[in-house]
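Visitor: Please take one charged side-chain pair in this model and look at it closely. Then go on to the elements that carry it and to the other side-chain pairs that involve them.

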Amino acid sequence: MSAAALWGLAGCSATASKFEVQESFGSVATYSRLFDATPGQTCEASRRALLSQGYIITTATTDLVEGKKSFQPEAESHLQMVVRVVCVPEANDGKVSLGFVTALQDTYVLRKTNNSASVGVGAIGSVSLPFSASSESLVKVGSETISKERFYESFFDLVKRYLVIDDAQAN
């Protein structure tokens with residue numbers, strides 16, 4: 001290999017990300033569960049589970065449910081959780097489904113910005129009148145996929161509860 005090629009490869013490695021790969025694929029079922037129900041029934045039970053916990057439903061179809069909920073743990077911080085459930089058939093007869101759930105939490109902080117401007121009046125001369133104001137806005141500072149098994153276990157338990165209620169009402 002020539003010196004120029006080695007130098008080029010060294011340059012590529014210098015620009016690589018300084019973070020390690022955050023994902024490792026495995027067979028752990030943190031984000032999915034099997035349900036003895038159709039995908040439509042699973043997504044409807046998921047929708048009701050989210051509603052029961054104060055989520056605002058942004059999307060609801062027979063194979064997808066998405067809900068949002070906001071939190072304010074401190075005066076100048078804000079969290080927004082988005083939970084997405086995808087329901088797919090697992091058996092050929094469609095009576096068993098697989099629910100895939102992911103929860104994304106975005107973190108915002110309140111940032112204050114000082115704005116100032118001056119106005120010159122030409123007829124009077126070079127007189128400037130200073131105007132200043134400050135504004136506040138929420139700035140996104142982080143985004144994270146929730147990976148706690150306990151969070152997902154409690155969600156799946158609630159979905160199962162609604163499936164049992166629906167089944168009892170149907171019979």
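Guide: Glutamate 66 and arginine 84 form a salt bridge, with the closest N and O atoms 2.3 Å apart (a salt bridge is a side-chain nitrogen of Lys or Arg within 4 Å of a carboxyl oxygen of Asp or Glu). Glutamate 66 is in strand β3 and arginine 84 in strand β4, so the pair links distant parts of the chain, 18 residues apart (strands are DSSP runs of E, at least two residues, and helices runs of H or I, at least four, both numbered from the N terminus). The model is a predicted one, in which local features need pLDDT of at least 70 and side-chain atom pairs count only at pLDDT 80 or more, while totals for chains, interfaces and linings use all residues. Residues are numbered from 1 along each chain as its sequence is written, and side-chain values use heavy atoms, with hydrogens and water left out.

The partners of this salt bridge fall into two accessibility classes: glutamate 66 is buried, at 12% relative accessible area, whereas arginine 84 is partly exposed, at 41% (buried is under 20%, exposed over 50%, partly exposed in between, with a 1.4 Å probe and protein chains only).

The two strands that carry the pair are themselves partners. β3 covers residues 64-74 and β4 residues 77-89, and they pair in the antiparallel sense over nine bridges (pairing needs at least two DSSP bridges). Serine 70 has glutamine 80 of β4 as its bridge partner. The connection from β3 to β4 is a hairpin of two residues.

Glutamine 80 also appears among the contacts of glutamine 105, a residue of strand β5 (residues 97-121). Glutamine 105 is buried, with 18% relative accessibility. Neighbours within four places in sequence set aside, glutamine 105 is in contact with Leu79, Gln80 and Met81, and also with Gly142, Ser143, Glu144 and Ile146 (contact means heavy atoms within 4.5 Å).

Strand β4 also holds one end of a disulfide. One disulfide is found in a search of the whole structure (a pair of cysteine sulfur atoms within 2.5 Å). It joins cysteine 43 to cysteine 87, with an S to S distance of 2.2 Å. The torsion about the S-S bond of cysteine 43 and cysteine 87 is about 110°, so this disulfide is right-handed. Because cysteine 43 lies in helix α2 and cysteine 87 in strand β4, the disulfide ties together parts that are 44 residues apart in sequence. Both ends are buried: cysteine 43 has a relative accessible area of 1%, and cysteine 87 has 2%.

Helix α2 leads on to further charged pairs, of which the structure holds five as salt bridges. One of them joins arginine 47 to glutamate 44 at 2.8 Å, N to O. These two residues are three residues apart in helix α2 (residues 39-52), which means that about one helical turn separates them. Arginine 47 is partly exposed at 26%, and glutamate 44 is partly exposed at 30%. Another salt bridge joins arginine 48 to aspartate 166, at 2.3 Å from N to O. Since arginine 48 is in helix α2 and aspartate 166 in helix α3 (residues 149-170), this pair ties together parts 118 residues apart in sequence. Both residues are partly exposed, arginine 48 with 22% relative accessibility and aspartate 166 with 23%.

Helix α3 also takes part in ring pairs. The structure holds four aromatic pairs (rings of Phe, Tyr and the six-membered ring of Trp with centres within 6.5 Å; planes under 30 degrees apart are stacked, over 60 edge-to-face, the rest tilted). For tyrosine 31 and tyrosine 152 the ring centres are 4.9 Å apart and the planes stand at 75°, so the pair is edge-to-face. Tyrosine 31 is in the loop between α1 (3-14) and β1 (32-35) and tyrosine 152 in helix α3, so the pair ties together parts 121 residues apart in sequence. Tyrosine 31 is partly exposed at 31%, while tyrosine 152 is buried at 0%. Phenylalanine 155 and phenylalanine 156 have ring centres 6.0 Å apart and planes at 65°, so this pair too is edge-to-face. Both of these phenylalanines are buried. Ring pairs also join Tyr31, Phe151 and Tyr152 into a cluster.
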